[in-house]
2 protein chains.
Amino acid sequence: MTDYSLLLRENDLKATFQRMQILETISKFGHLTIDSIYTEISKVHSSISLATIYKNILMMVDRGVLTEVPIIGKKSKYEIKKDEHIHLICISCGDVHDKSFKDRTIEYIDSISDDFLLSTTHREINLYGVCNRCNNI
Amino acid sequence: MTDYSLLLRENDLKATFQRMQILETISKFGHLTIDSIYTEISKVHSSISLATIYKNILMMVDRGVLTEVPIIGKKSKYEIKKDEHIHLICISCGDVHDKSFKDRTIEYIDSISDDFLLSTTHREINLYGVCNRCNNI
DNA sequence: CTGGTTGCAAAATTTTTGCACTGGT
DNA sequence: ACCAGTGCAAAAATTTTGCAACCAG
């Protein structure tokens, strides 16, 4: 169990109950949409406001605590920021799995860029397919 | 100038004026959001309805004529479906450039997947940074 | 204490839907 | 001529905003 109050304060955000809930909920599921975060937290703290979730997700993305994971044909999910990795995404249920880069993947990918971009600040590598669970349903 | 009426009919879509306009507008700019498509087409055909754009974008994505390009922190853009490629995306202006894969990139990327996915149907590789133009403003 | 944060309610924005009319094939 | 496709207007869904009360530091 990570110390999210520290993570928040390191990023100049007060460690409120709501923010702790958001981080713990995302951590529990890995990747969640805004409305799923709201639904989950509502189960244990029914008075939480959706507006608070919105404000905080935006702010935490801005401060680099969270990362947005946009998904083709679905709503963006959010994850706790971590080392760069690949996403395996099920086109049926939308479930997302993280997968580490192999050594040298970043260098390999960055070498494909050209002079349109000054430098690469962030990479997104997503592989889409049907996951095992959906295939068996 | 590609024959979009053929492309549409191959995908069981009638070649209406509105669809032709959508495809030609996207083709002209490369990558556009739904509201930009609407704004552009309105300039030459002021009575076009935004609902028509929405219905058609969804349908053309579904039929594989268009591809959605989700972008972190911005609205999705749409491009005409083409061979797999990388996107270079400016985090400031949102401009998108296409870049061909190097040989063997697909094999390399797919080899990172694991048994969560049965097989990979689509790959997304996006590199984010500040583009030259934004850097000079 | 006090400035940032919350919850609520209202506003703004985005997307979807229903339906009579139109136009491609 | 038929039926998919269009435009409009209304509805639904999503996101943002303003503000009084609240609470973490």
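**Exercise 1.** Find which rotation superposes chain A on chain B in this predicted model.

*Solution.* Start with the principle: two copies of a chain are related by a rotation about an axis and a shift along it. Here, a rotation of 180 degrees with 0.0 Å of shift along its axis brings chain A onto chain B, at an RMSD of 0.0 Å (least squares on the C-alpha atoms of residues with pLDDT of at least 70 in both copies). The two copies are therefore related as by a two-fold rotation axis. Next, look for the C-alpha of chain A nearest that axis: it belongs to A:Ile125, 2.3 Å away. Finally, compare the contact residues (heavy atoms within 4.5 Å): 100% of those of chain A recur in chain B, so the same surface serves both copies.

A note on conventions: residues are numbered from 1 along each chain as its sequence is written, and chains are lettered from A and ligands numbered from 1 in the order in which they are written. Local features need pLDDT of at least 70, side-chain atom pairs count only at pLDDT 80 or more, totals for chains, interfaces and linings use all residues, and side-chain values use heavy atoms, leaving out hydrogens and water.

**Exercise 2.** Work out which polar contacts B:Arg19 and B:Lys55 make with DNA strand D.

*Solution.* Look for pairs of N or O atoms within 3.5 Å. For B:Arg19, a polar side-chain atom lies 2.6 Å from a phosphate oxygen of DNA strand D. For B:Lys55, a side-chain N or O atom is 2.9 Å from a base oxygen of DNA strand D.

Note on methods:
A polar contact is a pair of N or O atoms within 3.5 Å; within protein, one must be able to donate a hydrogen and the other to accept it, and residues adjacent in sequence count only if both atoms are side-chain atoms.
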